[in-house]
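Work through the exercises below with the sequence and the 3D view open. Try each task before reading its solution.

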Amino acid sequence: MSAAKRETVSEAIKDLRAALGLSQEKLARRLDVTVRTVARWEDPADGPSEDALEKLANLAIEHGHAHLGDFFAFELAYRLAKVGSSMMDRLRRLSRPSPAVYGSLWFEKLTALLSEAKGERGHA
């Protein structure tokens with residue numbers, strides 16, 4: 001499925017599995033979760049936790065699928081902004097698994113987005 005048509009996290013997870021040639025079982029092993037958990041994530045009625053979104057973003061980017069990494073990272077940023085969590089700490093953790101991830105374009109975009117959101121909260 002193309003990024004332009006992707007609407008849900010569940011579709012993005014299926015796309016990532018297909019791009020990496022992984023079954024639900026193999027993805028579950030890679031992310032240290034159960035197969036049942038991956039199946040739940042792929043159900044549009046459910047979805048991954050923020051921690052799982054971090055893992056999915058990093059996995060996608062480390063394997064050359066930046067468009068999927070962006071999708072998961074922006075979903076994470078949206079959720080964090082929505083609940084008012086410590087966004088910058090979470091982003092720093094998100095970028096640590098790979099030095100290549102730290103310098104990636106999505107990290108720069110997220111930092112700008114979150115700085116903007118922080119400024120809006122400060123003026124509210």
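**Exercise 1. Describe how helix α1 packs against helix α4.**

Solution. Start with the geometry. Helix α1 covers residues 9-20 and helix α4 covers residues 50-62. They pack at an angle of about 35°, and their axes lie 11 Å apart. Axes here are lines fitted to C-alpha atoms, for helices over the stretch in contact, and angles run from 0 to 180 degrees between N-to-C directions. Helices (H or I, at least four residues) and strands (E, at least two) are DSSP runs, numbered from the N terminus.

Next, take the handedness. The crossing of α1 and α4 is left-handed: the near helix is turned anticlockwise from the far one by less than a right angle.

Then list the residues that meet. From α1 come Val9, Ile13, Leu16 and Leu20; from α4 come Leu53, Leu56, Leu59 and Ala60. Contact means heavy atoms within 4.5 Å. Sorted by type, the residues of this contact are eight nonpolar, no polar and no charged. Ala, Val, Leu, Ile, Met, Phe, Trp, Tyr, Cys and Pro count as nonpolar, Asp, Glu, Lys and Arg as charged, and the others, Gly among them, as polar.

A note on the source: this is a predicted model, where local features need pLDDT of at least 70, side-chain atom pairs count only at pLDDT 80 or more, and totals for chains, interfaces and linings use all residues. Residues are numbered from 1 along each chain as its sequence is written, and side-chain values use heavy atoms, with hydrogens and water left out.

**Exercise 2. Find the largest nonpolar core and say which helices supply it.**

Solution. The largest nonpolar core has 24 residues. Such a core is a set of buried Ala, Val, Leu, Ile, Met, Phe, Trp, Tyr and Cys residues joined through side-chain atoms within 4.5 Å. Buried means under 20% relative accessible area, exposed over 50%, partly exposed in between (1.4 Å probe, protein chains only).

Look for the residues with the most contacts inside the core. They are Ile13, Leu16, Leu27, Trp41, Leu56 and Phe72. Now trace the helices. At least two core residues come from each of α1, α2 (24-31), α3 (35-41), α4, α5 (66-83) and α8 (105-123).

Finally, pick out Phe72. Residues up to four places away in sequence are not counted; Phe72 then touches Val9, Ala12, Ile13, Leu16, Leu53, Leu56 and Ala57.

**Exercise 3. Which residues of α2 are buried, and what covers them?**

Solution. The buried residues are Leu27, Ala28 and Leu31. They lie on the same side of α2, because they cover an arc of only 105° around the axis. That arc is taken from the directions from the helix axis to the C-beta atoms. Their cover includes α1, α3 and α4.

**Exercise 4. What is the phi of Asp32, and is the residue buried or exposed?**

Solution. Locate Asp32 in the loop between α2 and α3. Its phi is positive, about 60°, although Asp32 is not a glycine. Most residues other than glycine have a negative phi. Asp32 counts as exposed, because its relative accessibility is 69%.

**Exercise 5. Place His65 and name its contacts.**

Solution. His65 sits in the loop between α4 and α5. His65 counts as buried, because its relative accessibility is 17%. Set aside neighbours within four places in sequence: His65 is in contact with Ala19, Leu20 and Ala60. Check Ala19 by distance. The two residues are 46 apart along the chain, yet their C-alpha atoms are separated by 8.0 Å.

**Exercise 6. How far is Val38 from Ser23 and from Glu25, C-alpha to C-alpha?**

Solution. Take Ser23, in the loop between α1 and α2. Ser23 and Val38 are 15 residues apart along the chain, with 9.8 Å between their C-alpha atoms. Glu25 belongs to helix α2. Glu25 and Val38 are 13 residues apart in sequence and 8.0 Å apart in space.

**Exercise 7. Summarise the whole chain.**

Solution. Count the elements: eight helices and zero strands. Then take burial: buried residues make up 40% of the 124 residues. Last, consider contacts between residues at least 6 apart in sequence. Of these, 55% join residues at least 24 apart.
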